[in-house]
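Grab a pencil and have the viewer open. Here are a few exercises to work through, each with its solution.

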Amino acid sequence: MNVIWAPKMTIFPHNHDMWAVIGIYSGREDNIFWRRLPTDSHRVEAAGAKSLRDKDCVQLGRDIIHSVTNPVGRLTGAIHVYGGDFFNANRSEWDPESLLERPCDPERIVQIFDEENYRMAATARG
Ligand SMILES: [Fe+2]
């Protein structure tokens with residue numbers, strides 16, 4: 001997939017349930033990696049981070065949980081390769097406030113991209 005992140009856009013923690021390779025060709029991606037709490041496997045805590053810029057590439061294992069931010073004020077472009085049927089996998093996401101697990105809703109993610117694209121267009125119009 002050719003993923004275009006709007007300026008300053010963030011997507012909440014989620015998993016893929018399959019391997020992935022991400023390569024950045026323009027802009028920046030900041031990834032926070034999360035792990036399940038040993039005392040509450042449905043809640044996550046931050047476990048690491050990786051900042052990516054153009055020409056950087058990262059491999060993500062099947063069990064990785066990450067959130068992504070475009071920290072710069074312009075579009076970020078990245079090629080995401082997934083080792084499975086990304087849109088029909090049994091995936092999870094984590095509420096950004098409570099950090100509690102819930103089933104991944106692909107429509108919620110599409111809505112976030114739509115809202116961010118609208119915000120970017122509104123900002124450009126002034
Ligand atoms: Fe992801």
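The exercises below start with the sheet, go on to the core and end with a single arginine; keep in mind that this is a predicted model.

**Exercise 1. Work out the strand order of the four-stranded open sheet, and say which strands sit at its edges.**

Solution.
- Start with β3. Strand β8 (residues 76–82) is joined to β3 by six bridges, and the two run antiparallel.
- Now look at β6 (residues 57–60): four bridges join β6 to β3, again antiparallel.
- Put the strands in a row and you get β1-β8-β3-β6, an open sheet with antiparallel pairing.
- The edges are β1 (2–5) and β6, since each of them pairs on one side only.
- From one strand to the next, the twist averages 25 degrees.

As a reminder, strands in a sheet pair through backbone hydrogen bonds, and they can do so parallel or antiparallel.

**Exercise 2. Find the residues that face Val21, Gly23 and Ser26 across the sheet.**

Solution.
- Val21 first: its bridge partner is Gln59, in β6.
- Next, Gly23, which stands opposite Ile79 in β8.
- Last, go to Ser26 and look across to β8, where Gly77 stands opposite.

**Exercise 3. Which residues make up the largest nonpolar core, and which strand gives the largest share?**

Solution.
- The core has five residues: Ala20, Ile22, Ile24, Leu60 and Ala78.
- Strand β3 (residues 20–26) supplies three residues, the largest share of this core.
- Zoom in on Ala20. Skip its neighbours within four places in sequence, and its contacts are Leu60, His80, Val81, Tyr82 and Gly83. One of these, Leu60, is itself a member of the core.

**Exercise 4. Is Arg36 buried, exposed or partly exposed, and why?**

Solution.
- Locate the residue: Arg36 is in strand β4 (residues 28–37).
- Count the C-beta atoms within 10 Å of its own: there are 16 others.
- Compare that with the cut-offs: buried takes 20 or more, while exposed takes 12 or fewer. Arg36 falls in between, so it is partly exposed.
- Check the contacts. Beyond the neighbours within four places in sequence, Arg36 is in contact with Ser41 and Val44.
- Finish with a distance: Ile65 lies 29 residues away from Arg36 along the chain, and their C-alpha atoms are separated by 8.8 Å.

Technical notes: Residues numbered from 1 in each chain as written. Predicted model: local features only at pLDDT ≥ 70, side-chain atom pairs only at ≥ 80, totals over all residues. Core = buried A, V, L, I, M, F, W, Y, C linked by C-beta atoms within 7 Å. Contact = placed C-beta atoms within 7 Å. Pairing = 2+ DSSP bridges. Axes fitted to C-alpha atoms, helices over the stretch in contact; angles between N-to-C directions.
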